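Here are my notes on the model you sent round. Please read them with the structure open.

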Amino acid sequence: MEPITLRTERLLLRPLEESDTEPVYAACQDPEIRRWTPVPDPYEREHAVDFVSRLSPAGWREDTMYSFGFFTRESGALAGTVGLVRLAQLRTPERQAELGYWAAKEQRGRGYTVEAARAVIDWAFSGLGVERLEWVAEAGNEPSRAVALRLGFVQEGLQRGRIVHRGTRRDAWVAALLPSDWGRAPVTPYLPAR
C-alpha cells in the first residue's frame with residue numbers, strides 16, 4: 001500500500017522518516033515501553049534506525065504492517081506510534097487486523113494516543129474495510145487497556161500463553177472493536193450469540 005498521512009485536531013500521523021530515528025530511539029529508552037512492547041531491550045540506536053528505515057517502510061510496501069508516528073501539530077514532537085499489524089487477515093473473509101500503540105513518556109496523559117488511534121481506526125473501518133479490529137496486550141498492562149476501553153474495544157477475556165515476550169510465554173488480554181461498535185453498518189452481517 002502507498003503510505004498515507006492522517007490528521008486530527010492536535011496531531012499529524014505519518015509514516016516514520018529518517019529524521020524520526022533519534023526521537024524513536026529516545027522514546028524507547030523508557031523502561032515502560034520496553035516492559036510492555038516487543039522492542040529490543042536494551043534499545044540501541046541501530047534498533048531505531050532499523051525500525052524507521054527498514055521495518056516500517058517494508059510493512060507499508062509488503063502490506064504486513066501500517067505504522068504511523070504521531071506528532072503534535074503544535075510543536076512537531078513525536079508523541080508515539082500507532083499501527084495495524086496481522087494484515088494478512090485483511091485479504092480473507094474475516095477482514096481482521098490488530099491495533100498496537102505506544103506513547104512517549106513525556107507526552108502521556110494528554111489523550112494523544114486515543115486521538116491517534118481513533119484516526120487509524122476510522123481509516124481501518126472506512127478505508128481498508130476492516131470488520132474486526134483486535135487489541136492484544138500482556139495481562140497487567142493497565143495503561144494500554146485504558147486506551148483500548150476508551151476507544152470502545154470490548155474486552156473478550158484472557159488468553160493463556162498468547163504472547164512470547166523476552167523469551168517467556170505470557171498471558172494476554174484480548175479485546176475487539178467492530179464497525180457496529182462505532183455505529184457503522186457491517187459489510188458482512190453479524191449474528192451475535194444470545
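The points below go from the whole chain to one histidine.

1. Status and fold. This is a predicted model. The protein chain holds five helices and eight strands. Read from the N terminus, the order of elements is β-β-α-α-α-β-β-β-α-β-α-β-β.

2. Overall dimensions. The radius of gyration of the protein chain is 16 Å, which agrees with the value near 16 Å for a compact globule of 194 residues. Along the principal axes, the C-alpha atoms fill a box of roughly 50 × 35 × 30 Å.

3. Packing. Of the 194 residues in the protein chain, 46% are buried. Among contacts with a separation of 6 or more, 61% are between residues 24 or more positions apart.

4. Surface and charge. The accessible surface of the protein chain is about 10,200 Å², and carbon and sulfur atoms contribute 51% of that. The chain has 26 positive and 27 negative charges, and the mean positions of the two sets lie 4 Å apart.

5. Location of H165. This residue belongs to strand 7, which covers residues 154–165. Is H165 buried or exposed? Its relative accessible area is 5%, and because buried means under 20%, H165 counts as buried.

6. Surroundings of H165. Leaving aside residues up to four places away in sequence, H165 touches R34, R35, W36, T37, P38, E138 and R170. Two of these partners offer backbone oxygens to the histidine side chain: that of R35 is reached at 2.9 Å, and that of R34 lies 3.4 Å from a polar atom of the H165 side chain.

Definitions and conventions
Residues are numbered from 1 along each chain as its sequence is written. This is a predicted model: local features need pLDDT of at least 70, side-chain atom pairs count only at pLDDT 80 or more; totals for chains, interfaces and linings use all residues. Side-chain values use heavy atoms; hydrogens and water are left out. Helices (H or I, at least four residues) and strands (E, at least two) are DSSP runs, numbered from the N terminus. The radius of gyration is taken over C-alpha atoms; the globule rule is 2.2 Å times the number of residues to the power 0.38. Buried means under 20% relative accessible area, exposed over 50%, partly exposed in between (1.4 Å probe, protein chains only). Contact means heavy atoms within 4.5 Å. Accessible areas come from the Shrake-Rupley method with a 1.4 Å probe; for residues, only the protein chains shown count as cover. Lys and Arg count as positive and Asp and Glu as negative; His and the chain ends are not counted. The place of a charge is taken as NZ of Lys, CZ of Arg, CG of Asp or CD of Glu. A polar contact is a pair of N or O atoms within 3.5 Å; within protein, one must be able to donate a hydrogen and the other to accept it, and residues adjacent in sequence count only if both atoms are side-chain atoms.
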